[in-house]
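The following exercises invite the reader to examine a structure step by step. Each task is followed by a worked solution.

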Amino acid sequence: MDLKLDQQSTGENKPKETEKDLIIVGAGAGGLAAAQYGARANLRTLVIEELASGGQALNIDGLENYPGFPEPVNGFELSQQLEQQAKNFGAEILMGTATEITKKGNTFTVKTTMGDYTAPTVIAATGSKHRLLGIPGEKEFSGRGVSYCATCDGPFFKNKKMLVVGGGDAACDESMFLSKLSDKVVLVHRRDRFRAQKSLADRVLHNENIETRFNTVPVEIRGENKVEKVLLKNSETGEEYEEAFDAVFVFIGSIPQNQLFPDTEKDEVGHILTNQRMETNVPGMYAVGDLRSTPFRQLVVAAGEGAIAAHSASQYIDDLEGQAYE
Ligand code: NAP
């Protein structure tokens with residue numbers, strides 16, 4: 001990951017104003033694709049990321065539906081490639097946390113823990129974070145059997161009994177991954193059928209290592225120092241029963257990370273609304289990926305949205321030509 005070298009020379013208490021054409025907040029697939037297209041269009045492009053490039057892709061062991069990869073590609077490896085490709089075209093990637101974005105005239109100022117940066121366009125690509133079950137024992141045993149990342153933590157529970165909670169693509173995908181590590185995977189979903197794409201759901205239902213229980217929810221996670229048992233409830237009959245598990249993997253959706261973008265219009269869940277050019281209601285600001293209100297959240301969709309957003313930003317800057325940035 002690149003650190004801005006000119007930033008270091010300013011001294012840590014004196015943020016340096018760096019003029020950019022495009023600032024992208026978030027280095028998931030959407031942000032990195034936008035960076036590549038922005039830099040390739042000759043925009044001085046800065047990506048700000050607080051963790052590591054890749055976003056949600058980092059949690060995926062084998063991506064089998066990203067175009068161009070007939071064999072499943074590891075999410076971390078794909079992210080590295082996306083980052084390198086963006087850098088090859090001249091995009092800079094800053095490790096730091098964006099803390100506030102303000103706009104004066106046609107200029108956005110993005111405050112970060114590494115200094116302040118200005119640009120006429122900003123792409124919001126901060127994605128989402130996992131939703132919590134909110135049941136007793138979840139926080140207590142987080143990191144001690146409760147996990148939100150099968151790729152990261154699954155190998156610790158090889159041949160152990162694992163509970164997966166959720167009914168969407170993530171729960172099904174990750175159950176498939178865990179079924180390669182153990183033949184004792186139990187997937188519970190609160191409804192009577194999966195929300196996940198049918199092809200994925202069918203594979204789960206036909207997987208001998210996964211036992212699917214519909215209309216079932218976890219009520220409490222129990223143990224001494226680590227996960228040992230889960231109290232489950234059949235929501236149809238109301239019956240509650242305790243069952244031994246070594247791990248609980250939670251994949252029940254995500255919460256959009258929209259805090260930096262208070263002035264953008266959002267849907268009822270908090271995803272940012274855009275038009276088909278990825279423009280938000282704030283001129284010069286765009287939104288892509290899991291943060292955006294969209295019917296289908298996929299890496300390839302996020303990457304496509306990133307390309308559109310960067311193209312729109314480039315056109316917006318062309319339109320501004322002749323106007324002074326304040
Ligand atoms: P999702 O599609 O929103 O599904 C979340 C699931 O969790 C739903 O089935 C939901 O139940 C259930 N749920 C929510 N709150 C719950 C609670 N408190 N207790 C128990 N269950 C609860 O989320 P996701 O699976 O994380 O996927 C997010 C996005 O990423 C989706 O757009 C998905 O398509 C995409 N994705 C795609 C892939 C892939 O293509 N391979 C892989 C991963 C993710 P209800 O159905 O009753 O609402």
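**Exercise 1.** Does Asn-159 count as buried or exposed, and what is the relative accessibility of this residue?

*Solution.* The structure is a predicted model. Begin with the position: Asn-159 belongs to the loop that runs between helix H4 (150-153) and strand E11 (162-165). Next, consider the cut-off, by which a residue is exposed when its relative accessible area is over 50%. The relative accessibility of Asn-159 is 52%, so this residue counts as exposed. Finally, note the backbone: phi of Asn-159 is near 65°, a positive value in a residue that is not glycine.

**Exercise 2.** Determine where Asn-215 is placed and whether to class Asn-215 as buried or exposed.

*Solution.* Locate the residue in the loop between strand E13 (210-213) and strand E14 (216-222). Then apply the limit for burial, which is under 20% relative accessible area. Asn-215 has a relative accessible area of 14% and is therefore buried. Its phi is positive, at about 50°, although Asn-215 is not a glycine.

**Exercise 3.** Describe the setting of Glu-239 and state how far its C-alpha atom lies from that of Thr-216.

*Solution.* Glu-239 is found in the loop between strand E15 (229-234) and strand E16 (240-244). With a relative accessibility of 46%, Glu-239 counts as partly exposed. Along the chain, Glu-239 and Thr-216 are 23 residues apart; in space, their C-alpha atoms are separated by 9.7 Å.

**Exercise 4.** Which cysteines form a disulfide, and how far apart are their sulfur atoms?

*Solution.* The whole structure contains 1 disulfide. The partners are Cys-149 and Cys-152, whose sulfur atoms are 2.0 Å apart. The angle about the S-S bond is 75°, and the link of Cys-149 and Cys-152 is right-handed. Now compare the accessibility of the two partners. Cys-149 is buried, at a relative accessible area of 8%, whereas Cys-152 counts as partly exposed at 43%. A further cysteine, Cys-172, is in no disulfide, and the nearest cysteine sulfur, belonging to Cys-149, is 17 Å away. Cys-172 counts as buried, with a relative accessibility of 0%.

**Exercise 5.** How many of the 12 residues of helix H2 are buried?

*Solution.* First, establish the extent of the helix: H2 covers residues 29-40 and reaches 16 Å from its first C-alpha to its last, close to the 16 Å expected at 1.5 Å a residue. Next, collect the buried positions, among them Ala-29, Gly-30, Leu-32 and Gln-36. In total, 10 of the 12 residues of H2 are buried, so the helix is largely enclosed by the rest of the structure.

**Exercise 6.** How many residues surround the ligand, and which are the closest?

*Solution.* The ligand is surrounded by 18 residues, the closest being Asp-169, Asp-173, Arg-191, Arg-195 and Arg-297. By class, this shell consists of 4 nonpolar, 7 polar and 7 charged residues. Individual contacts can then be examined:

- The side chain of Arg-190 has an N or O atom 2.9 Å from an oxygen atom of the ligand.
- The side chain of Gln-298 likewise places an N or O atom 2.9 Å from an oxygen atom of the ligand.
- At Gly-168, a backbone N or O atom lies 3.5 Å from an oxygen atom of the ligand.

As a last step, consider the cover: of the 910 Å² of accessible area that the ligand has on its own, the protein covers 78%.

Key:
Residues numbered from 1 in each chain as written. Predicted model: local features only at pLDDT ≥ 70, side-chain atom pairs only at ≥ 80, totals over all residues. Heavy atoms only, no water. Near = heavy atom within 4 Å. Polar contact = N/O pair within 3.5 Å; in protein donor to acceptor, adjacent residues only side chain to side chain. Areas by Shrake-Rupley, 256 points an atom, 1.4 Å probe, with all protein chains shown as cover. Nonpolar A, V, L, I, M, F, W, Y, C, P; charged D, E, K, R; others polar. Disulfide = S-S within 2.5 Å. Buried < 20%, exposed > 50% of the residue type's maximum accessible area, 1.4 Å probe, protein only. Helix = DSSP H or I, 4+ residues; strand = E, 2+ residues; numbered from the N terminus. Expected span 1.5 Å × (residues − 1).
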